[in-house]
Amino acid sequence: MDQDVESPLTVRQPKRPRVDNEPPQDRERIRAKPQRYVRKDGKCNVHHGNVRETYRYLTDIFTTLVDLKWRFNLFIFVLVYTVTWLLFGFMWWLIAYARGDLEHIGDGQWTPCVNNLHGFVSAFLFSIETETTIGYGYRVITDQCPEGIVLLLVQSVLGSIVNAFMVGCMFVKISQPKKRAETLVFSTHAVISIRDGRLCLMFRVGDLRNSHIVEASIRAKLIKSKQTKEGEFIPLNQTDMNVGYDTGDDRLFLVSPLIICHEINQLSPFWDISRQQLEHEELEIVVILEGMVEATGMTCQARSSYVSSEIKWGFRFTPVLTLEDGFYEVDYNSFHQIYETHTPSCSARQLAEMSARLPISWSGGKLSQLDEPAERNGDVANMENESKV
């Protein structure tokens, strides 16, 4: 319990000799830097290593092909068709060679398996015509070749299966709604300030498109390593943050930018964190926006994250919605802008305890006392000093 445990959210730096007269700024520079679990663009910063059961990827070959990058997907697409045409072209040439058709080219008395098949190149072309059902009419199969009829049936069936599989992969990959998430934006910073007399953590989301996200919902998780009472270290422990699940505020009508609010109460993981403690915490808030694309009906997910340095204590978001002549206008130039406001620097627990002792209220962003004896003025003054930004 008393031993220091290295957090996996930090990047290990190479050890170097300690110098007692080293400047403080140099010591800060060589300190470990926080590592993101989810990047700002929504991509997860996790790499899977030492995966020995690679056969599991082949059991779900369709998903494996869809998840490949475009260059590999196109390469496999061309490769599968080319190999199929070459394989059946070789089989058509083999039938012609076994029957002796290649030895009777130009013999009008000989009935070949495939008319006008003179070698491997013409067999390859006939294979392409058969599988793609082009049928130019120059090379045709005759009724005197039962083995050719069987091969024709096999190639037609397998060709249809290959077409369905490969075209299906390409269609699914093209229609993936990943790019739709590019127009779902999150604010650069999250803020902590007083809202309706309570300390709240807030961030802003918006949709740049006119076509809306249907059934949009928002979730937030705190990623922070923890150590249990028994001494077990849990790296990157995930804790749910309530952003309106019990009241329905997590289900969004995302027509204009919305400010998502997490009330810091007894159930919040930020209940005991003050402004000073937040500056030294190694934590990350992952926010997830989900919904269906109105145009296609497919589910879309956009992600972002905020590390402790991106959580601004004592700030609020600048309004972006204005009323014009007959419509509302959203100014996305102010989407990421924040401004300072009076906010207590103590934790939400300390604020609740002081509010229980003193009948105080926040009005106009300032602390005020409600008809209390003069001997408690000192407590209110101390609280005002803590609220200064």
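In this short talk I will go through the largest pocket, one helix and the nonpolar cores of this structure.

Please keep in mind that this is a predicted model, in which local features need pLDDT of at least 70 and side-chain atom pairs count only at pLDDT 80 or more, while totals for chains, interfaces and linings use all residues. Residues are numbered from 1 along each chain as its sequence is written, and side-chain values use heavy atoms, with hydrogens and water left out.

Let me turn to helix 6, where helices are DSSP runs of H or I with at least four residues, and strands are E runs of at least two, numbered from the N terminus. Its 29 residues should span 42 Å at 1.5 Å a residue (1.5 Å times one less than the number of residues), and the end C-alpha atoms of helix 6 are indeed 42 Å apart, which agrees. Among its buried residues, meaning under 20% relative accessible area with a 1.4 Å probe and protein chains only, are Leu-151, Met-166 and Lys-173. The cover over the buried residues of helix 6 includes helix 3, helix 4 and helix 5, through contacts, that is, heavy atoms within 4.5 Å.

Now to the largest nonpolar core, a set of buried Ala, Val, Leu, Ile, Met, Phe, Trp, Tyr and Cys residues joined through side-chain atoms within 4.5 Å. This core has 39 residues, and Leu-201, Ile-218, Phe-270 and Ile-311 have the most contacts inside it. Strand 4 supplies the largest share, five residues. Leu-201 touches, among others, Ile-192, Met-241, Phe-270 and Ile-311. A second, separate core of eleven residues includes Trp-92 and Leu-151, and Leu-151 is also one of the buried residues of helix 6.

Note on methods: Buried means under 20% relative accessible area, exposed over 50%, partly exposed in between (1.4 Å probe, protein chains only). Lists of a residue's contacts leave out its neighbours within four places in sequence.
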